[in-house]
Amino acid sequence: LFLVYQPQFNLSTGMICGAESLIRWNHPTLGSIPPSQFISIIEKRGLIIKLGNWIMDQACKQIIQWQSQSFKLNRLAVNLSALQLRNDKTFQALIDIINENNVDAKYIEFELTESLLIKLSPEVQALIEQTSKQGIHYAIDDFGTGYSSLSYLKRIKANKLKIDQEFIQDMLNEPSDMEIVKATIALAHSLGMAIIAEGVETQAQLTRLKELGCDAAQGYFFSRPVAPEEFLEKFRNWQSDCHTQ
């Protein structure tokens, strides 16, 4: 298992403003395998908490390594699973890993899906609020594909909404998808949140997102997820403060 990193870009400046860490499995015969093909196996074997802690530790170590190479990425996003958020103890373990690695909280962003937010206990919600004040950012991933209730936006003071690639891919051909993208951007900004589009693959999509006022984007148009060495080589000169993130 290893981590790869996909850059995120500020659409106002064109500069890199963050990255998302993604896990891969390097199979001896099948090559690099995405998590969609093996995470369910790990969950069934009861190893998802252990894996999540390992990912958090690897992400923290990567931040430290990049900083030692004079590359200070604004923020690194890590995806959280339902089991990692099932109670305050499993969530606190992630915070402990950040502290043990001496990583400044401002460099960390946790991505949570809509379906996870509905199920959060009061204890976990309190811990999210506490760590948010300490500098950790929170992003709501796959926005628009989960539960229809928006009540969680009141309970969880997230910093960012991520528009799911399902809407981005068809936004130029499907009027309904375009309206969803427009509405999501307006909703995020009205709540004082940043908005990022994932799955951007064409110049036409990027141009339209800029016109709509989207803050940031990631996707194959910019770069596939890459190993840390390649990430550093390609993007160390793209550093920029991203005030919207």
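The backbone oxygen of I97 sits 2.8 Å from a polar atom in the side chain of N101. In this predicted model, N101 falls in the loop that runs between helix 3 and strand 5. The N101 side chain also reaches over to helix 2: a polar contact of 3.2 Å links it to the side chain of K61, and K61 is a helix 2 residue. Along the chain, K61 and N101 are 40 residues apart, yet their C-alpha atoms are 7.0 Å apart in space. Once neighbours up to four places away in sequence are set aside, N101 touches D57, C60, K61 and I64. N101 counts as buried because its relative accessibility, 15%, is under the 20% cut-off. K61, at 41%, falls between the 20% and 50% limits and so counts as partly exposed.

The next residue to look at is N102, which is found in the loop between helix 3 (88–100) and strand 5. Its backbone stands out a bit: phi of N102 is near 55°, a positive value in a residue other than glycine. With a relative accessibility of 67%, N102 is over the 50% mark and therefore counts as exposed. Another case of positive phi turns up at S70, again in a residue other than glycine, with a value near 65°. S70 belongs to the loop between helix 2 and strand 4. S70 is exposed too, since its relative accessible area of 59% is over 50%.

Turning to the interior, the largest nonpolar core takes in 71 residues, and M56, F91, F110, V181, L209 and F231 are those with the most contacts inside it. Helix 2 (residues 48–68) is the top contributor to this core, with eight residues. In soluble globular proteins, nonpolar side chains tend to be buried together. For F110, the partners beyond four places in sequence are M56, V78, L80, F91, L94, I95, I98, I136, H137, Y138 and A139. Two of these partners, M56 and F91, are themselves listed among the residues with the most contacts inside the core.

What does the side chain of E111 make a polar contact with? The partner is the side chain of K162, at 2.9 Å. E111 is part of strand 5 (residues 108–113). E111 is also buried, because a relative accessible area of 1% is under the 20% cut-off. Apart from residues up to four places away in sequence, E111 touches Q8, E20, A77, V78, N79, L80, A139, D141 and K162.

Some of these names come back at the largest pocket, which has a volume of about 1000 Å³. Its lining is made of 38 residues, and E20, L22, P35, N79 and D141 lie nearest its centre. Strand 2 (16–27), helix 1 (39–44), helix 2, strand 4 (76–79), strand 5, helix 4 (114–118) and strand 6 (137–143) are the elements that each give two or more residues to the lining. Strand 2 has the largest share, with five residues. E20, N79 and D141, which lie among the residues nearest the pocket centre, are also contacts of E111.

P7 offers a view of how distant parts of the chain come together. P7 is located in strand 1 (residues 2–10), and its C-alpha is 8.7 Å from that of A217, although the two are 210 residues apart in sequence. The contacts of P7, leaving out residues up to four places away in sequence, are I16, G18, A19, A217, Q218, S223, R224, F231 and F235. One of them, F231, is also among the residues with the most contacts inside the largest nonpolar core. P7 is buried, as its relative accessible area of 1% is under 20%.

R224 appears again in a pairing with N237: the two are 13 residues apart in sequence and 18 Å apart in space, C-alpha to C-alpha. N237 is placed in the segment after helix 10 (228–235). N237 counts as exposed because its relative accessibility of 70% is over 50%.

As for confidence, the protein averages a pLDDT of 90, and 96% of the residues score at least 70. The weak spot by this score is residues 240–245, where pLDDT stays under 50. Even so, the model has 18 contacts beyond four places in sequence for that stretch.

Terms used
Residues are numbered from 1 along each chain as its sequence is written. This is a predicted model: local features need pLDDT of at least 70, side-chain atom pairs count only at pLDDT 80 or more; totals for chains, interfaces and linings use all residues. Side-chain values use heavy atoms; hydrogens and water are left out. Helices (H or I, at least four residues) and strands (E, at least two) are DSSP runs, numbered from the N terminus. Buried means under 20% relative accessible area, exposed over 50%, partly exposed in between (1.4 Å probe, protein chains only). A polar contact is a pair of N or O atoms within 3.5 Å; within protein, one must be able to donate a hydrogen and the other to accept it, and residues adjacent in sequence count only if both atoms are side-chain atoms. Contact means heavy atoms within 4.5 Å. A nonpolar core is a set of buried Ala, Val, Leu, Ile, Met, Phe, Trp, Tyr and Cys residues joined through side-chain atoms within 4.5 Å. pLDDT is the predictor's confidence in each residue, from 0 to 100. On a 1 Å grid over the protein atoms alone, a cavity is a set of points where a 1.4 Å probe fits but cannot get out, and a pocket is an open set with protein on both sides within 12 Å along at least five of seven lines; lining residues have an atom within 4 Å of a point. Grid points are joined across faces, edges and corners, and a volume is the space filled by probe spheres set on the points.
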